[in-house]
Amino acid sequence: MPLRSTLRGLSGVLRATLAAIRDRWQAYERTEARALALMSAWLSPEQRSQFVKYHRFDVIGSESGKRYRICYGTSTNVYEMDGSDRVVVGWCFRPAGSLAAGDVMLAQKIALETDERATLMVARPFPSSLPPRTNLPPVV
């Protein structure tokens, strides 16, 4: 098989692969945008303002009245805060399945605000400080 013909074939395969990658990325972006829009609709005005500014928001636990900070992400993104705005402990819990960050964060919010005790019974604590601010997607 001549070299030119081989290169043409490889070029076609490369174009098809890149097109498939682009399509998957666009589908992911649409899914993430829908998840963030749904989450935003469930946030209070104060929480929405926090999320727009910091890519995180605070919730109050239903039983203890403790404040939790939910940061953008899908795991190890929930922090119990003290009265001086310092991290006490991190809590790792999330719904099962492969979900977009907005869906995970909404589930975490609802869980802490409606059944904090049961949520913390399944959550795993981790010692941590808040993660450094990174490049995050635009907020809805």
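**Exercise 1. Classify Asp23 and its salt-bridge partner by exposure.**

Step 1. Asp23 has a relative accessibility of 41%, so it counts as partly exposed. Buried would require under 20%, and exposed over 50%. The values here come from a predicted model.

Step 2. The side chain of Asp23 meets that of Arg22 in a salt bridge, with 3.4 Å from N to O.

Step 3. Arg22 stands at 46% relative accessibility and therefore counts as partly exposed.

Result: Asp23 is partly exposed, and Arg22 is partly exposed.

**Exercise 2. Find how Arg56 and Asp58 are paired, and state whether each is buried or exposed.**

Step 1. Side chains of opposite charge can pair when their charged atoms come close.

Step 2. Arg56 and Asp58 form a salt bridge through their side chains, at 3.9 Å from N to O. The cut-off for a salt bridge is 4 Å.

Step 3. Arg56 has 15% relative accessibility and counts as buried. Asp58, at 12%, counts as buried.

Step 4. The pair belongs to a network of salt bridges that links Arg56, Asp58, Arg67, Arg69 and Asp85.

Result: Arg56 is buried, Asp58 is buried, and both are part of a salt-bridge network.

**Exercise 3. Describe the salt bridge between Asp82 and Arg86, and the exposure of each residue.**

Step 1. The side chains of Asp82 and Arg86 meet at 3.2 Å, N to O.

Step 2. Asp82 has a relative accessible area of 22%, which means that it is partly exposed.

Step 3. Arg86 reaches 52% relative accessibility, so it counts as exposed.

Result: the bridge joins Asp82 to Arg86; Asp82 is partly exposed, whereas Arg86 is exposed. A search of the whole structure finds nine salt bridges.

**Exercise 4. Locate Gln108 and list what surrounds it.**

Step 1. Gln108 lies in helix α3, which covers residues 101-114.

Step 2. With a relative accessible area of 1%, Gln108 is buried.

Step 3. Leaving aside residues up to four places away in sequence, Gln108 touches Ile70, Asn77, Val78 and Phe93.

Step 4. With Asn77 there is a polar contact, side chain to side chain, at 3.0 Å.

Result: Gln108 is a buried residue of helix α3 with a polar contact to Asn77.

**Exercise 5. Which residues form the nonpolar patch on the surface?**

Step 1. The patch is made of Leu3, Leu7 and Leu10, and together they have about 330 Å² of accessible area.

Step 2. Leu10 is found in helix α1, residues 3-42.

Step 3. Leu10 counts as exposed because its relative accessibility is 52%, and the cut-off for exposed is over 50%.

Result: the patch consists of Leu3, Leu7 and Leu10.

**Exercise 6. Decide whether the protein chain is a compact globule or more spread out.**

Step 1. The chain has four helices and five strands. Read from the N terminus, their order is α-α-β-β-β-β-α-α-β.

Step 2. The radius of gyration is 20 Å, well over the 14 Å that the globule rule gives for 140 residues, so the chain is more spread out than a compact globule.

Step 3. Along the principal axes, the C-alpha trace spans about 75 × 30 × 25 Å.

Step 4. Of the 140 residues, 31% count as buried. The chain exposes about 8900 Å², and carbon and sulfur atoms supply 60% of that area.

Step 5. Among contacts with a separation of 6 or more, 57% are between residues 24 or more positions apart.

Result: the chain is more spread out than a compact globule.

Key
Residues numbered from 1 in each chain as written. Predicted model: local features only at pLDDT ≥ 70, side-chain atom pairs only at ≥ 80, totals over all residues. Heavy atoms only, no water. Patch = residues over 30% accessible without salt bridge, like charges linked within 9 Å, V, L, I, M, F, W, Y side chains within 5 Å. Areas by Shrake-Rupley, 256 points an atom, 1.4 Å probe, with all protein chains shown as cover. Helix = DSSP H or I, 4+ residues; strand = E, 2+ residues; numbered from the N terminus. Buried < 20%, exposed > 50% of the residue type's maximum accessible area, 1.4 Å probe, protein only. Rg over C-alpha atoms; globule rule 2.2 N^0.38 Å. Contact = heavy atoms within 4.5 Å. Polar contact = N/O pair within 3.5 Å; in protein donor to acceptor, adjacent residues only side chain to side chain.
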